[in-house]
Amino acid sequence: MLDDFAPLAAITILGVLQQAYFSLQVIYARRRFHISPPAVSGNEDFERVHRAHLNSSEYFPMFLSVLWIAGVFFNQALAFFIGVLYLCGRYKYFKGYSESALKRLHPLYFSATMLWILLGLASIGVLNQLSSQYLGYNPITAARSHIEL
């Protein structure tokens with residue numbers, strides 16, 4: 001049974017490592033720009049690194065939730081692939097925002113799109129499961145049978 005969830009667990013671990021990396025970048029930026037805690041302002045370069053970290057941290061619980069729900073209820077391989085794309089987008093977002101506020105936009109839109117896709121897959125998967133369980137009708141199986149005709 002645990003083997004069934006290894007891909008989702010791997011993406012989760014990669015995401016946690018990515019969050020740790022972003023946290024370390026904030027620590028390094030504090031040292032580089034001489035911003036002592038608890039201050040979070042005073043240097044625009046530091047503020048961009050700090051905001052990139054906070055923004056990524058704010059989205060992380062949503063990402064994990066829809067990743068796992070999409071993987072369990074819809075398709076694990078597809079959720080894994082989109083999860084990889086999301087993490088790549090978040091990395092580019094962090095790097096871009098650290099350099100310039102304008103460089104964050106394209107990766108932000110890309111990673112947000114991946115998050116919306118995961119949310120859509122998770123919703124379809126859960127609705128399909130509820131329909132199967134309580135109505136005795138599996139819309140995904142029905143759609144597949146119509147497509148194969």
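**Exercise 1. The nonpolar core**

Task: In this predicted model, find how many residues the largest nonpolar core has and which helices supply them.

Solution:
- Start with the count: the largest nonpolar core has 16 residues.
- Next, pick out the residues with the most contacts inside this core: Phe63, Leu67, Ala70, Ala79, Tyr86 and Leu118.
- Then assign helices. At least two residues of the core come from each of α1, α2 (44-73), α3 and α4 (105-135).
- Now look for a further core. Another one, of ten residues, lies apart from the largest. Phe46, Ala52, Tyr93 and Phe94 are among its members.

**Exercise 2. Around Tyr86**

Task: Which residues does Tyr86 touch, not counting those up to four places away in sequence?

Solution:
- Leave out the sequence neighbours up to four places away.
- Tyr86 then touches Tyr59, Phe63, Ser111, Met114 and Leu115.

**Exercise 3. α1 against α3**

Task: Classify the packing of α1 and α3 as roughly parallel or roughly antiparallel.

Solution:
- Take the geometry: α1 (residues 6-33) and α3 (residues 76-99) pack at an angle of about 10 degrees, their axes 9 Å apart.
- Apply the cut-off: angles under 35 degrees count as roughly parallel. Therefore α1 is roughly parallel to α3.
- List the contact residues. On α1 they include Leu8, Ile11, Leu14 and Phe22; on α3 they include Phe80, Val84, Leu87 and Phe94.
- Sort the contact by type: 13 residues are nonpolar, five polar and two charged.

**Exercise 4. Confidence**

Task: Where in the protein chain is confidence lowest, and where highest?

Solution:
- Begin with the chain: pLDDT averages 95, and 98% of the residues score at least 70.
- Confidence is lowest in helix α5 (residues 139-148), at a mean of 82.
- Confidence is highest in α3, at 98.

Technical notes. Residues numbered from 1 in each chain as written. Predicted model: local features only at pLDDT ≥ 70, side-chain atom pairs only at ≥ 80, totals over all residues. Heavy atoms only, no water. Axes fitted to C-alpha atoms, helices over the stretch in contact; angles between N-to-C directions. Helix = DSSP H or I, 4+ residues; strand = E, 2+ residues; numbered from the N terminus. Parallel < 35°, antiparallel > 145°, perpendicular 65-115°, else oblique. Contact = heavy atoms within 4.5 Å. Nonpolar A, V, L, I, M, F, W, Y, C, P; charged D, E, K, R; others polar. Core = buried A, V, L, I, M, F, W, Y, C linked by side-chain atoms within 4.5 Å. Buried < 20%, exposed > 50% of the residue type's maximum accessible area, 1.4 Å probe, protein only. pLDDT = per-residue confidence, 0-100.
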